[in-house]
Amino acid sequence: MGNNISIGLTPNSSLSSFFTLVAEEAKYIRHLEENLEALKTEFDRLIRTKEDLLNDVKIAEQQPMMRRTNQVKGWIGRVDEMETEVNNLLKDGSREVDKLCLGGLCSLDLISGYFIGKKVPKLTEEVPVIVGQQSTLEKLWGCIVEKQVRIIGVYGLGGVGKTTLLKQINNNFCTEKHNFDIVIWVVVSKEAKLEQIQDEIGKRIGRSADSWKSKSVRDKASDICNILRQKKFVLLLDDIWQRIELSELGIPLQSLNISSKILFTTRCYDVCGEMDADKIFEVKCLTENQAWNLFQEKVGTSTLEGQAGILEQATMVARECDDLPLALITIGRTMASKKTLQEWKNALRYLRTSSYQV
C-alpha cells in the first residue's frame, strides 16, 4: 500500500530540536529579499572605494618613478573577482525572490531558496571586511614578511570577519612577491582533532593516500616534520578554540626561527597567548556610534521619526546587534517597513528571548 515514511522523535527532546533546526534554516528564506538589498548596498560601497583608489593611483602614477604596488593590484583584482560573484548571486537571488510565497515566509523551491539564501549573508560579510579592514590586512602581511615574527594571532567575535581576512592573506600569496615554498590552509573548528588537522596538512604536502592516513598520529607527525623542515612554509589555521601542540602536529618549530610562519584565527584572546603568538591583532566590531549610524541608515528617517517611541526602541534593537555590521544591516532593513511602536517592541522582545542569528 505504498511507501510509509516515519520520523522517530522522542518526547521532550528531538521534537524541540527538530523545529529549532527548521526555524534556523527558514531564516535564510524569510530574510532573502532584505539580505539581497544589504549585499547590493555594501557592494556598491565597495565599488566606490575601488574607484576612489584607482583615481588616487592614476594621479600618483603621473609622478616619476611612481608605480602601483602588488598589494594594490591584488586588492583590485580581488574586488574584480568578487564583482562577478556578487552579480551572479544577485541574479540567482532575484529569481528566488520571485518564488517566495506566504508573505515571504516560504518558497516554492525550498532547497534552492535555502542554499541561495545562505550564501547571501556570508558574501555580504566578506564585502564589508574587504572595504573596512584593508589596513589590518596590510599590517598582517607586513608581519608575514618580517623575519622577527614567527607566530601571528588574530582574534575577535564570531562573524566579525576573521576568516575573510585569512582568505585575503591566502589570496595575497598569488599576487605578492614572497619567498615561501608552500602555503597550507586548515580549518580547525571547535571539534577538530589533531589527526584531522594532520590529514589536511597531508593533502598539501602530497601525503593524502589511504596508506598514509592509516598511520599513527606520531608517524604522521614525523612525516610532516621531515617534509616541512626542508621548506619555507606558511601555515594558516582558521578558527582555533584552544592551544594546539604544534610539535605533536609535526610542525618543525625550529624552522619558525628561520623562515616559516604560522598565522591563526581565534575567538579568544587568551588562545593567542597560549599559542605563543609574537604578534596579536584584534578584528573589531563597529564603534557604538558607527553601529547606530549604520542602523539608522538602513531603517530610514521616515520610520525612526514616525510614531512616538520608535526611536527609543530602535536604539535598543541596534544594541542587540552587538555592533556587528551584517546584523545591523539585515535587521535594519527588516525594520525599515515597521511603522508602529508595537512592531518595534515585538522585534526587541524577539531578539532578546530567541537564539535568532542573521
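**Sheet pairing, loops and confidence in a predicted model**

User: Which residue of β5 does Trp-185 stand opposite?

Analyst: This is a predicted model, in which local features need pLDDT (the predictor's confidence in each residue, from 0 to 100) of at least 70, side-chain atom pairs count only at pLDDT 80 or more, and totals for chains, interfaces and linings use all residues. Residues are numbered from 1 along each chain as its sequence is written, and side-chain values use heavy atoms, with hydrogens and water left out. Strands (E, at least two residues) and helices (H or I, at least four) are DSSP runs, numbered from the N terminus. In β5, the residue standing opposite Trp-185 is Leu-236.

User: Which are the edge strands of the open sheet?

Analyst: Two strands pair if DSSP finds at least two bridges between them. The open sheet has 5 strands with parallel pairing, in the order β4-β5-β6-β3-β7. Two of these strands pair on one side only, namely β4 and β7. 

User: How many bridges join β5 to strand β6?

Analyst: On one side, β5 runs parallel to β4 and is joined to it by 6 bridges. Strand β6 (residues 261-266) also runs parallel to β5, and Leu-237 stands opposite Phe-264 in β6. The number of bridges that join β5 to β6 is 5.

User: Why is β5 described as largely enclosed by the rest of the structure?

Analyst: The helix α7 lies across β4 and β5 (233-240), in contact (heavy atoms within 4.5 Å), and runs at about 150° to β4. That angle is taken between N-to-C directions on a scale from 0 to 180 degrees, with axes fitted to C-alpha atoms, for helices over the stretch in contact. Buried means under 20% relative accessible area, exposed over 50% and partly exposed in between, with a 1.4 Å probe and protein chains only. Strand β5 is largely enclosed because its buried residues number 8 of 8.

User: Which residue of β7 is the bridge partner of Tyr-155?

Analyst: Strand β3 (residues 151-155) runs parallel to β7, and 4 bridges join the two. The bridge partner of Tyr-155 in β7 is Glu-282.

User: What is the approximate phi of Asp-276?

Analyst: Most residues other than glycine have a negative phi. Asp-276 is found in the loop between α12 (269-274) and β7 (279-282), and it counts as partly exposed because its relative accessibility is 42%. Although Asp-276 is not a glycine, its phi is positive, at about 60°.

User: What is the relative accessibility of Ser-189?

Analyst: Ser-189 is placed in the loop between β4 and α7 (194-204). Its phi is near 70°, a positive value in a residue other than glycine. Ser-189 counts as partly exposed because its relative accessibility is 29%.

User: How far apart in space are His-178 and Ile-144, C-alpha to C-alpha?

Analyst: His-178 is found in the loop between α6 (162-175) and β4 (182-187), and is partly exposed with a relative accessible area of 28%. In sequence, His-178 and Ile-144 are 34 residues apart, whereas in space their C-alpha separation is 9.5 Å.

User: Which element of the protein chain has the lowest mean pLDDT?

Analyst: The protein chain has a mean pLDDT of 75, with 71% of its residues reaching 70 or more. Over residues 100-115 pLDDT stays under 50, and the model has 25 contacts beyond four places in sequence for them. Where pLDDT is low, the predicted coordinates should not be read in detail. The highest mean among the elements, 93, belongs to helix α15 (residues 310-319), and the lowest, 42, to strand β2.
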